[in-house]
Amino acid sequence: MAKNKFYITTPIYYSNSEPHIGTAYCTVVADTFARYYRLRDYDVFFLTGLDEHGPKLARSAEERGYTPKEFVDMMAEKFIKTWERIGITNDDFIRTTQERHEIVVQRVFQKLYEKGYLYKGSYAGWYCTPCETYWGEDELKEGKCPNCERPVEWLEEETYYFKLSLFSEPLLKYIEEHPEFVFPESRRNEVISFIKQGLKDISATRSTVKWGVLVPFDPKHTVYVWFDALINYISALGYLREDNERFDRYWPADIHLIGKDILRFHAVIWPAILMALDLPLPKTILAHGFWTIKGGKISKSKGNRVDPHELMDLYGVDALRYFLLREVPLGLDGEYSESSFHRRYQSDLANDLGNLLNRVITVTEKYTEGKVPEPSLHGERERELLDIIENSIKKVESSMENLNPASALTSIWEIVQSANRYIDQSAPWNLEKMGKRDLLNTVIYTLLETLRKLSILLYPFIPDTAEKIQEQLGYKDKQFAWDLLWNAKIPVGQRVQKGKVLFPKVDIKEEKEETSLVNINDFQKLDLRVAKVLSARKIENSDKLLLLEIDLGFEKRQIVAGIAQFYSPEELIGKKIIVIANLEPAKIKGYLSYGMLLAGKDEKGNLSILTVDKDLSPGAKVS
RNA sequence: GGCGGUGUAGCUCAGCGGUUAGAGCACACGGUUCAUAACCGUGGUGUCCAGGGUUCGAAUCCCUGCACCGCCA
């Protein structure tokens with residue numbers, strides 16, 4: 001019997017910036033669905049990847065002194081490492097610079113051209129040459145490029161248009177007939193009202209951008225990045241290629257998980273392309289919300305970016321996953337703060353779940369020699385707990401069906417809470433003295449069995465924890481499958497294995513009011529690092545500035561330093577200097593500086609850069 | 001300017017026509033000692049944004065206004 005299939009995707013993230021809480025969020029949610037459906041015995045295909053084309057990327061690479069290829073390879077490494085650490089179980093990782101992808105983009109383009117959906121025209125607008133980007137009249141900042149503030153020029157460019165206008169009617173009809181096509185409903189309404197205004201043909205190629213996929217029938221053009229990017233969902237499956245078994249098996253996608261910012265590409269343009277190709281449309285475009293800090297957007301320029309690695313260092317992988325999944329219903333914006341994260345960790349994970357496991361294992365060791373006892377009685381309390389568990393499982397299933405992992409977690413915590421209540425009411429620590437051996441055995445057995453079920457239920461959300469629970473329950477081979485909720489029991493006689501506390505308490509210092517004194521937290525905001533100077537040269541038209549390329553161990557960067565009057569470029573090369581690695585990038589004399597080196601200066605005007613007393617590797621933290 | 005959404009306990013939110021309006025967190029008191037100063041129980045708090053209307057009955061439906069947010073122009 002063929003299994004049901006489930007195909008879920010994340011967007012391919014623009015590899016211009018490193019993984020942050022937003023991309024981590026999206027990927028964790030997708031992973032949770034993927035894991036859940038695997039437990040339900042679906043044949044799951046989970047795709048994520050990177051968007052590696054486009055002018056911005058080429059420019060970022062150049063600014064840092066890399067070729068685009070070197071740069072995207074380096075970034076890809078970071079994404080892959082981060083996802084590994086978060087326990088992401090993607091089945092493939094697509095990169096738009098891969099040949100397998102580029103070929104499909106070209107074939108799709110050729111096909112659309114032959115079917116008459118692409119035509120040559122021209123595009124005009126205010127063009128910024130360094131940024132390789134067109135801007136609308138209203139987007140300009142005082143008549144200049146809003147991105148780099150350099151002058152723009154009115155330019156007309158040859159381009160191929162995609163006949164999006166043909167699809168207003170069919171799209172509208174489709175969306176109206178398929179209420180589940182866009183989620184949540186408010187986003188669906190947005191899409192409908194957008195389409196109702198009428199769709200215009202859109203430019204699908206560029207002749208000024210080099211870093212992209214060549215248009216097969218007119219190679220002075222490259223395919224516009226958005227078009228290139230959308231194709232990933234089918235190129236990864238081998239569409240229009242010889243090895244297209246995956247495509248036959250998994251398309252159409254069950255869920256395209258996306259951020260609300262790219263809703264239109266996915267709910268309008270992408271389905272139009274698919275219709276043009278005579279392909280079935282994905283079942284659901286699921287737009288999640290954004291994380292905010294103090295009600296505002298998280299952005300690099302505000303410098304309030306949240307590094308998932310820092311949270312994992314402090315609290316662990318599952319704390320991050322749990323917070324992201326639990327704090328906010330999928331589809332809405334969520335407010336991130338250290339204190340809300342800490343609260344979730346402390347009360348839900350440490351106090352409720354972690355402590356439950358800990359106390360149950362201790363009781364087992366104390367009263368039944370660490371072995372799963374044989375249950376005998378089955379009383380009112382056991383019945384009650386079982387009812388709650390059964391009920392919660394059903395709620396988890398319907399919550400997942402309704403795309404709401406947050407409410408699934410709420411239901412799972414009903415079990416945690418009931419188990420805590422059960423152990424309190426049954427008070428196994430009194431039963432031995434009272435000579436109620438049978439009841440004692442039943443109570444302990446019931447608790448261990450409840451934890452076994454919990455481990456399965458938790459697996460899609462916090463897989464590490466789920467595994468640790470089974471380890472402590474004494475399982476050598478982990479058992480994760482949904483039907484084991486009903487068709488298995490913890491084996492009598494199995495030896496439990498007390499392990500480390502699941503979620504150790506984490507101390508954080510309360511946020512202090514601003515004072516003139518800085519506290520240790522303030523200091524710790526500075527990411528001071530040892531860096532090795534790789535190259536140095538004078539910046540033209542400046543007698544103070546040097547442009548340095550430095551090795552930070554984890555990456556190479558350029559920084560601008562105002563020390564040309566004190567150091568020659570030659571004497572700096574090879575020196576180990578101290579830099580602030582997380583300083584907001586600044587543009588100095590047209591050069592972007594990604595950090596600042598530390599130097600001391602006395603009243604006489606002598607300047608000396610800071611260096612290390614003994615040899616340290618680049619990237620070493622200074623504190 | 002157009003379309004849509006939101007406004008409920010100190011905080012985050014659920015309820016969306018029907019008994020004294022709910023949950024979690026926080027707070028207070030009590031219990032308990034197996035446990036990560038944890039867990040369990042009990043408790044209080046609310047002009048359900050404002051005003052008007054429909055209804056036997058409205059946080060819930062309709063209208064107006066205010067505030068915030070989203071999409072579009």
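## Exercises on RNA strand B and a helix pair

A polar side-chain atom of D352 is 3.2 Å from a phosphate oxygen of RNA strand B. Keep in mind that this is a predicted model. Let's work outward from that contact.

**Exercise 1.** Find which parts of RNA strand B the side chains of R187 and R343 approach.

*Solution.* Start with R187: an N or O atom of its side chain is 3.0 Å from a sugar or linking oxygen of RNA strand B. Next, take R343, where a polar side-chain atom lies 3.4 Å from a sugar or linking oxygen of the strand. Now widen the view: of the atoms of RNA strand B that come within 4 Å of the protein, sugar and phosphate make up 69%.

**Exercise 2.** Describe the protein surface near RNA strand B by residue, helix and class.

*Solution.* First, the residues: 25 surround the strand, and R264, N351, G354, N355 and R359 are the closest. Second, the helices: α6 (185–196), α13 (338–367) and α15 each contribute at least two residues. The largest share, eleven residues, belongs to α13. Third, the classes: ten residues are charged, eight polar and seven nonpolar.

**Exercise 3.** Work out how α12 and α15 are oriented towards each other, and which residues meet.

*Solution.* Begin with the geometry: helix α12 (residues 317–326) packs against helix α15 (residues 405–426) at about 110 degrees, and their axes are 7 Å apart. Angles of 65 to 115 degrees count as roughly perpendicular, so α12 and α15 are roughly perpendicular to each other. Then list the contact: Y322, L325 and R326 of α12 meet P405, A406, L409, T410 and W413 of α15. Sorted by class, this contact has six nonpolar residues, one polar and one charged.

Note on methods. Residues numbered from 1 in each chain as written. Chains lettered and ligands numbered in written order. Predicted model: local features only at pLDDT ≥ 70, side-chain atom pairs only at ≥ 80, totals over all residues. Heavy atoms only, no water. Axes fitted to C-alpha atoms, helices over the stretch in contact; angles between N-to-C directions. Helix = DSSP H or I, 4+ residues; strand = E, 2+ residues; numbered from the N terminus. Parallel < 35°, antiparallel > 145°, perpendicular 65-115°, else oblique. Contact = heavy atoms within 4.5 Å. Nonpolar A, V, L, I, M, F, W, Y, C, P; charged D, E, K, R; others polar. Near = heavy atom within 4 Å. Polar contact = N/O pair within 3.5 Å; in protein donor to acceptor, adjacent residues only side chain to side chain.
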